[in-house]
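Here's one to look at with the labels in mind. Let's ask how each one is earned.

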There are 2 protein chains.
Amino acid sequence: MAIHSHTKENYLKALYLMSLERENVSINELASRLNLKMPTVTSMMQKLAADKLIKYEKYRPIQLTEKGKKEAGLIIRKHRLTEMFLVQIMNFGWEEVHDIAEQIEHINSPEFFKKMDEMLGYPDKDPHGSPIPDRSGHIELTDHKSLCDYQVGKTVKISGLAQSHDEFLVFLNRKNIGLGTVMTIIGKEDYDGTMKIKLGKKELVLTQTVCEQLFAEPV
Amino acid sequence: MAIHSHTKENYLKALYLMSLERENVSINELASRLNLKMPTVTSMMQKLAADKLIKYEKYRPIQLTEKGKKEAGLIIRKHRLTEMFLVQIMNFGWEEVHDIAEQIEHINSPEFFKKMDEMLGYPDKDPHGSPIPDRSGHIELTDHKSLCDYQVGKTVKISGLAQSHDEFLVFLNRKNIGLGTVMTIIGKEDYDGTMKIKLGKKELVLTQTVCEQLFAEPV
DNA sequence: ATAAAAAATTAGATGCATCTAATAATATAT
DNA sequence: ATATATTATTAGATGCATCTAATTTTTTAT
Ligand SMILES: [Mn+2]
Ligand SMILES: [Mn+2]
Ligand SMILES: [Mn+2]
Ligand SMILES: [Mn+2]
């Protein structure tokens, strides 16, 4: 396992993550996600199919094989372990780690990631609340409930993010919202979905767009 | 700075390290060092010359420019900082870190290496006693005295290694010799250069080949 | 059902890093 | 000094990952 080019690994990872959202990944979507032109992607799909990493027939949507899912899972595992390591051990902020992990995920050294895993005490979530695949590449899919779905009066704990772009993370930092933050829903505006939240002693207003990106669990 | 391919970085590093030993690096030597054929190297030299990283004229030995030395120094810095991090922070043995550092040295993230440096307390030597270039890529060249050059009766401290191949490091582990190990020279065989050494309570015999690879300073 | 738009494929080119085979220059040994 | 061996360069090919332009297939809208 894991003797694929840096490039192929990035395709596999993108395919895996995209197929969690939109069942049926198209050449087009993959191309925009990876900032490549469609013919480039088509040509790579032919190679990945030859490697038995995807099931691919002309003009049909792309699907990872079990082998492909496993390989993808192992790369995502390295990415998320790395993010966790950067935050927990090296003291980076959760908004600083993605680009570094994007590179380190391609390091070929089981010992290196084994050691990270040990040092971190075998975590099962990354710093953004995303699940870390196990050593065989399998992801435990937890179904998340968005903050929006809770009613006024409920006290909940933030357990994950639907998206972790740096600007969103920085926004959350400013609002003092992080993984594990506990908050009470004190109001909800039906018209535009805005929520009023009590967080510690402070109250704040979150737009629907923000609430949709926050996963929460009752507490 | 540092927008060179992984490949070019490896050439630069090899050039730098080789030119510390044998003034005047040849295409041939570079080719064997990097496990490449000569035409491959010739062709890359033309590219590095175009980038002003080396001074190169057909059939003449190769020399790094100041720019080239700086870039090489920065890669070596990343390599050695990484080795130090792996040993000090992640608890790897000094014989396990080279191959991992060989990959991580290509990571493009000043913040990542800055953080390593901080966590390590700004070390100036790697786990094998080799100097870590400063942030501008400059190496402080310390001239080492080999263990061979000391006389019977002297007590010395191991301060570096002429070479750090894994098998040698494992050999030293077995003999309980590491960086900082203090030993007294209790005998020397002129015929074959073998040295008899007292290390703690134990005595051991080191062949000339081994002694030549050990750097030591008086203590 | 047909036309128009969007998506995907094929064909052909480019740049990078590598190779082998052929040739040329330099160094070495007689 | 000449022949031989070594080292280096050129020429030309290959594989990978990418591109643009042209073509084909599929989807959508009228
Ligand atoms: Mn990546
Ligand atoms: Mn993450
Ligand atoms: Mn390297
Ligand atoms: Mn070292």
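What follows is a short Q and A on the DNA contacts and the metal site.

This is a predicted model, so to speak: local features need pLDDT of at least 70 and side-chain atom pairs count only at pLDDT 80 or more, while totals for chains, interfaces and linings use all residues. Residues are numbered from 1 along each chain as its sequence is written, chains are lettered from A and ligands numbered from 1 in the order written, and side-chain values use heavy atoms, with hydrogens and water left out.

Q: What makes the pair between A:Thr40 and DNA strand D a polar contact?
A: A polar contact is a pair of N or O atoms within 3.5 Å; within protein, one must be able to donate a hydrogen and the other to accept it, and residues adjacent in sequence count only if both atoms are side-chain atoms. A polar side-chain atom of A:Thr40 sits 2.5 Å from a phosphate oxygen of strand D, so the pair passes.

Q: Why is A:Glu105 called buried?
A: Buried means under 20% relative accessible area, exposed over 50%, and partly exposed in between (1.4 Å probe, protein chains only). A:Glu105 has 0% relative accessibility, so buried is the word.

Q: How do you know which protein atoms are donors of the manganese ion (ligand 1)?
A: Donors are N, O and S atoms within 2.8 Å of the metal (3.2 Å for Na, K and Ca); water is not among the atoms, so sites may look incomplete. A:Asn10 (OD1), A:Glu102 (O), A:Glu105 (OE) and A:His106 (NE2) lie 2.1 to 2.6 Å from the ion, with the spacing N-x91-E-x2-E-H along the chain.
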